[in-house]
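Got the viewer open? Let's take a walk through this one, a few selections at a time.

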Amino acid sequence: MEDELVIQKNISTLLTNAIKAELLVLRPSRAYDGSFKPKGGGATPRSNRNYTGRLYNSVTVDFVDVQDQLRLQVSFPDAPEWYWVDEGRKGKQQDVSLKYPPLSSIDRWVVRKPGINLAVRDKQGRFIDRKSLVYLIQRSIGQYGYYGIKFIDKAIKKTERRLEEEFGEYARVYFTNFINQNIIVGPIQVR
């Protein structure tokens, strides 16, 4: 029993670290379909998914007992945006019935994200005011969508490889089979 708890703790730690590492990877800005978003006069910006630290800091991986069955639960209790970062959001190019995201949410994000106001300039090299920047971000997400990075799936794959390196193929196969039957991700919380 004690050995089992140690193994569960090690797996939880490995998966938590892999999820956090995926959130720190620099990725280019992409539309929902995976294509690069149009950018006038420069390279597509690259950033990680650790804007405020809320998603990164709320990663929780635990083994839980659900109706007498052991399950691995991955949750983000303080970050309901995890779903959109992982799965993405369609834009009008994919579904014309969709509406643009709310300006207030984007404005709060811009205020929290360090340095974003200093990174965006117009064609004359002047800084763009926050109100215009929020509108441009809203229009970009509304038109092209937002590419989901599938950070949970990638973290699971990294954890599988790590388990195989440290404990052998049997451990990887066991973990893969366990994950396929017993993982709970969520719950989805949309504000």
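**Stop one: charges over rings**

Select Lys 20 and Tyr 56 to begin: the charged end of Lys 20 sits over the Tyr 56 ring, 5.0 Å from the ring centre. Keep in mind as you click around that this is a predicted model. Now pick Arg 30 and Tyr 147, where Arg 30 lies over the face of the tyrosine, at 5.7 Å from the centre of the ring.

**Stop two: the aromatic pairs**

How many aromatic pairs does a search of the whole structure find? The count is six. Start with Tyr 83 and Trp 84, which pair edge-to-face, with 4.9 Å centre to centre and 85° between the planes. Switch on a surface if you like: Tyr 83 is partly exposed, at 25% relative accessible area, and Trp 84 is also in the partly exposed class, at 37%.

For a stacked pair, jump to Tyr 174 and Phe 178. Their ring centres are 6.4 Å apart and their planes meet at 20°, so this pair counts as stacked, the cut-off being under 30 degrees. Which helix holds both residues? They belong to α8 (residues 169-182), and because they are four residues apart there, about one helical turn separates them. Phe 178 is buried, with 13% relative accessibility.

Before leaving the rings, select Phe 76, Trp 82, Tyr 83, Trp 84 and Phe 151 together: ring pairs link these five names into a cluster.

**Stop three: the second largest pocket**

Keep Tyr 174 highlighted and add Ile 7, Gln 8, Ile 11 and Ala 171. You're now looking into the second largest pocket, which holds about 400 Å³ of space. It has 14 lining residues, and the five you have just selected are the closest to its centre. Colour by helix next: α1 (2-24), α7 (151-167) and α8 each supply at least two residues of the lining. Then try colouring by residue type, and the lining splits into eleven nonpolar residues, two polar and one charged.

**Last stop: Asn 182**

Stay on helix α8 and select Asn 182, which lies in it. Is Asn 182 buried or exposed? It's buried, with a relative accessible area of 5%. To see what is around Asn 182, show Gln 69, Leu 70, Arg 71 and Leu 72, the residues it contacts once its neighbours within four places in sequence are left aside.

Terms used. Residues are numbered from 1 along each chain as its sequence is written. This is a predicted model: local features need pLDDT of at least 70, side-chain atom pairs count only at pLDDT 80 or more; totals for chains, interfaces and linings use all residues. Side-chain values use heavy atoms; hydrogens and water are left out. Rings of Phe, Tyr and Trp (its six-membered ring) pair if their centres lie within 6.5 Å; planes under 30 degrees apart count as stacked, over 60 as edge-to-face and the rest as tilted. Buried means under 20% relative accessible area, exposed over 50%, partly exposed in between (1.4 Å probe, protein chains only). A charge sits over a ring if NZ of Lys or CZ of Arg is within 6 Å of the ring centre and within 35 degrees of the ring normal. On a 1 Å grid over the protein atoms alone, a cavity is a set of points where a 1.4 Å probe fits but cannot get out, and a pocket is an open set with protein on both sides within 12 Å along at least five of seven lines; lining residues have an atom within 4 Å of a point. Grid points are joined across faces, edges and corners, and a volume is the space filled by probe spheres set on the points. Ala, Val, Leu, Ile, Met, Phe, Trp, Tyr, Cys and Pro count as nonpolar, Asp, Glu, Lys and Arg as charged, and the others, Gly among them, as polar. Contact means heavy atoms within 4.5 Å.
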